Amino acid sequence: MHDIRLLRDQLDLLREAMRRRGRLGELQPLLDRAEWLERERRAAITELEAEQARRNKVTQEVAQRRKAGEDAAALIAEGRAIGEQITGLEQRRNEAEAAVQAMLYELPNITLPEVPEGDESHNTVVKSWGTPRADGATLVPHWDLGAALGMLDLPRGAKVAGSGFIVYRNAGAKLVRALMNMMLDLHTAQHGYQEAWVPLVVNRASMTGTGQLPKFEEDMYAVPSDELFLIPTAEVPVTNLYRDEILDASDLPMGLCGYSACFRREAGSAGKDTRGLLRVHQFDKVELVRYSTPEDSRHQLELLTAHAEAVLERLDLPYRRVLLAAGDTGFSSAMTYDLEVFAPAVGKWLEVSSCSVFTDFQARRANIRFRAAPGEKPRFVHTLNGSALAFSRIIACLLEHHQQADGSVRIPDALQPYLGRVELR
RNA sequence: GGACAGGUGGCCGAGUGGUUGAAGGCACCGGUCUCGAAAACCGGCAUACCGGCAACGGUAUCGUGAGUUCGAAUCUCACCCUGUCCGCCA
């Protein structure tokens, strides 16, 4: 969410930000209306507070007369009339405020200057590591290989829950545990993250804090009877850990990592890259979250991204880092690097991580602040997060990239101790 | 799920419907004293918003939201959270 003051004195900044995302045409009317509503809101407040001040005077006068034993009937009548005025003005203020708020919730974050403008065709590969296999045509796709190895049971997943819900079995199930432990050990022991094990459902306030609500309610599984939502990523509970709190400057930068299952309805993407493990309704993920000062957040994005990349390097999977163009950058994000790994049999680069800095966009929504020094005013922190990593696509890439001529799969050295074997066959 | 008890400032804690933004204490900051420190004493110490170049003025905030009233931390209702006991249960 943006600072409401931008609507007053930096409207062109917002306008330019929307243009860079290629959404000005669509959002211009909303911006205009929001600007008008903000003026209306303040006008209502000014009038309302004048009436409230008047009422407070009358009220005190009543008290004094009562004490002196004088008659206060006229004043009480006046107070009643003012009260009616106030009720009307309050309603006017509330309506304007709710309307402005609703519009602010619809506006995406302002991207950093170095983010290329335009749509996804302007995404830029800024780094490559390793060599993708060129013999993909000769390889068995992960869904067939996984089934052949007894690791993946997609038909029964569909039976017990539905299409897109995966059953891992035998070495596949153990592989999930191995990946979880390997990643969490790396981030806690080498990268300085605290570990958190968090709820898989959150309330509406948390979903609003990180930006999933109110705009993306359709994308989430919900438990309406309890007003809870299944998390699409551990980003939501982990970032909201410090909602409505003031951190000490000495706490920053702070890193938290956590494993969670992630639930996504993927409404509207039926049939698109949905084979095997490419796009599923429930997957596992280790998430990194960082809190930093505003001055340091850009640097923190590089650190965070490097932490995610370290996992890929340990898994010996060739990847590339893509700087997303403004139009492809997520709603809450100011700058995002996607990490993509090549799945040779599928013949596609798969997004296995998305590392973002949200500037103060989430912190303002979630009201997460820090005090730079004792006595100073609290300021909003900057939040960051990134997957490190999403398991299902990693498993797909492991099965394809490390596939050997006889249909077995080599297990990367770093994973061997966790899985307890050197290959799958 | 049921029955009680409770939610007040950074923390503890008072608060008969009428200068209560809220006593008192602790913590914190500044000062006096001291070679220095402690103690003692003096003073300061919430947040957000509106108006104003500013000085400053105003409004709101006692878990949340509604209501009663000229006026609500205080009364009523609903909800949320915490604690204790009972029930149920992995």
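This is a short conversation about reading an RNA contact surface and two sheets in a predicted model.

Reader: Before we start, what should I know about the numbering and the model?

Author: Residues count from 1 along each chain as its sequence is written, while chains are lettered from A and ligands numbered from 1 in the order in which they are written. The model is predicted, so local features need pLDDT of at least 70 and side-chain atom pairs count only at pLDDT 80 or more, though totals for chains, interfaces and linings use all residues; side-chain values use heavy atoms, leaving out hydrogens and water.

Reader: OK, which residues come nearest to RNA strand B?

Author: A residue is near a strand if one of its heavy atoms lies within 4 Å of it. Here 18 residues surround RNA strand B, and Arg-8, Glu-49, Gln-52, Arg-66 and Arg-80 come nearest. By type they split into 8 charged (Asp, Glu, Lys, Arg), 5 nonpolar (Ala, Val, Leu, Ile, Met, Phe, Trp, Tyr, Cys, Pro) and 5 polar (the others, Gly among them).

Reader: Which helix gives the largest share of that surface?

Author: Helices are DSSP runs of H or I with at least four residues, strands are E runs of at least two, and both are numbered from the N terminus. Helix 3 provides the largest share, 12 residues. Helix 3 (24-68) and helix 4 (73-104) each supply at least two.

Reader: And what part of the RNA faces the protein?

Author: Of the RNA strand B atoms within 4 Å of the protein, 67% are sugar or phosphate and the rest belong to bases. For polar contacts, look for N or O pairs within 3.5 Å. An N or O atom in the Arg-80 side chain sits 2.5 Å from a phosphate oxygen, and a polar side-chain atom of Asn-56 is 3.1 Å from a phosphate oxygen. Ile-76 uses a polar backbone atom, 3.2 Å from a sugar or linking oxygen.

Reader: Now the sheets. Why do strand 1 and strand 2 each have one side without a neighbour?

Author: Two strands pair if DSSP finds at least two bridges between them. One open sheet has 8 strands in the order 1-9-10-11-14-8-7-2, with mixed pairing. Strand 1 (124-129) and strand 2 (194-195) are at its edges with a single partner strand each, so one side of each lacks a neighbour in the sheet. Inside that order, strand 8 (282-292) and strand 14 (382-390) run antiparallel, joined by 7 bridges, with Lys-285 opposite Ala-390.

Reader: What is the strand order in the 3-strand sheet?

Author: That open sheet runs 6-12-13, also with mixed pairing. Strand 6 and strand 12 (368-371) pair in the parallel sense over 4 bridges, and Ile-246 has Arg-369 as its bridge partner.

Notes
Polar contact = N/O pair within 3.5 Å; in protein donor to acceptor, adjacent residues only side chain to side chain.
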